[in-house]
Amino acid sequence: GIAWVPGYTDTYEDMQGKIYQNSLIFASDLDLTIAPVGWSWYRVIRENPQIELFHSDMSHASLKGSYLAACVFYATLFQEELSSTYYNSIPSSQAQYFQAIASSVVLDSLSLWRIVPTSVKKFKTTKPSEFELFQNYPNPFNSSTTIKFHLPKPANIELKIFDINGELITTIINSVHYSPGDHYIRWNGRDAQKIEVSSGFYICRLESNNTSLTKKLLFLK
């Protein structure tokens with residue numbers, strides 16, 4: 001397990017960002033499915049910091065934290081929202097909130113967590129055979145976001161961010177050679193001068209071998 005101890009490690013937000021980024025890479029390399037318990041915890045802590053998911057020792061889950069984790073595991077395994085009315089000693093409103101958070105985090109991003117939809121599990125899964133740019137996650141975002149792309153063969157890559165008027169904001173990758181496979185790049189919402197951009201829509205453009213792909217990103221302060 002990984003514990004966050006205030007004043008000893010990074011902030012909780014920094015730690016969660018690192019776990020999120022590296023978990024995606026690790027799962028991709030080993031072809032694993034992710035049950036996004038940590039990301040669900042992060043959502044709850046950001047939205048309702050008064051809810052205590054940690055035990056008093058700050059190294060273990062409280063009853064509420066364990067219940068949220070169970071909801072995530074259920075949604076990951078069965079690809080549906082847990083609708084149990086058994087809440088133990090947790091207030092029903094909070095238990096239902098945990099169920100909704102787990103469902104939202106898991107079911108809205110099945111491909112991100114490498115969860116094969118039940119309806120297509122009977123078919124053999126194959127890795128993408130085309131040059132592909134995926135939707136960033138999270139989106140909208142307010143601190144940083146992860147951009148995923150797939151290369152079917154080695155290629156030089158350019159990855160740039162433009163504002164909605166087509167003005168270049170920053171170049172994240174400038175003609176760098178990448179190997180085949182999935183790649184994950186993080187953008188921190190800052191321009192070429194390292195100044196945080198304004199809230200609004202931005203265009204992520206990926207270029208390789210005269211082919212260009214774009215996705216729309218939404219940054220919110």
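This text walks through a few helices, loops and cysteines of the structure above. The model is a predicted one.

Helix α3 is a convenient place to start. It covers residues 63–78, which makes 16 residues. At 1.5 Å a residue, such a helix should span 22 Å, and the end C-alpha atoms of α3 are 22 Å apart, so the expected and computed spans agree.

Which residues of α3 are buried? They are G65, Y67, L68, A69, C71, V72, A75 and T76. An α-helix has 3.6 residues a turn, so residues three or four places apart point the same way. The buried residues of α3 pack against two other helices, α2 (37–47) and α4 (92–107). Just after α3 comes Q79, which takes a positive phi of about 55°.

The two partners of α3 also pack against each other. Two packed helices are described by the angle between their axes and the distance between the axes. For α2 and α4, the angle is about 125° and the axes are 9 Å apart. That angle makes α2 oblique to α4, because it falls in neither the roughly perpendicular range of 65 to 115 degrees nor the roughly antiparallel range over 145. The crossing of α2 and α4 is right-handed. On the α2 side, the residues in contact are W39, S40, R43, V44 and E47. They meet Y97, F98, I101, A102, S104 and V105 of α4.

The loops hold some backbone details. R114 lies in the loop between α4 and β1. This residue is not a glycine, yet R114 has a positive phi of about 60°. Further along, P138 is found in the loop between β1 (132–133) and β2 (145–151). The peptide bond leading from Y137 to P138 is cis, with omega near -5°.

Another positive phi belongs to K194, in the loop between β5 (181–187) and β6 (200–208). Its value is near 65°, again in a residue other than glycine. Is K194 buried or exposed? K194 has 66% relative accessibility, and it counts as exposed because the cut-off for that class is over 50%.

Cysteines come last. C71, already named among the buried residues of α3, has 1% relative accessibility. C204 also has 1% relative accessibility. Buried means under 20%, so C71 counts as buried, and so does C204. A disulfide is a covalent bond between the sulfur atoms of two cysteines. How many disulfides does the structure hold? The number is zero.

Conventions:
Residues are numbered from 1 along each chain as its sequence is written. This is a predicted model: local features need pLDDT of at least 70, side-chain atom pairs count only at pLDDT 80 or more; totals for chains, interfaces and linings use all residues. Side-chain values use heavy atoms; hydrogens and water are left out. A disulfide is a pair of cysteine sulfur atoms within 2.5 Å. Buried means under 20% relative accessible area, exposed over 50%, partly exposed in between (1.4 Å probe, protein chains only). Helices (H or I, at least four residues) and strands (E, at least two) are DSSP runs, numbered from the N terminus. The expected span of a helix is 1.5 Å times one less than its number of residues. Contact means heavy atoms within 4.5 Å. Axes are lines fitted to C-alpha atoms, for helices over the stretch in contact, and angles run from 0 to 180 degrees between N-to-C directions. Angles under 35 degrees count as roughly parallel, over 145 as roughly antiparallel, 65 to 115 as roughly perpendicular and the rest as oblique. A crossing is left-handed if the near helix is turned anticlockwise from the far one by less than a right angle, and right-handed if clockwise.
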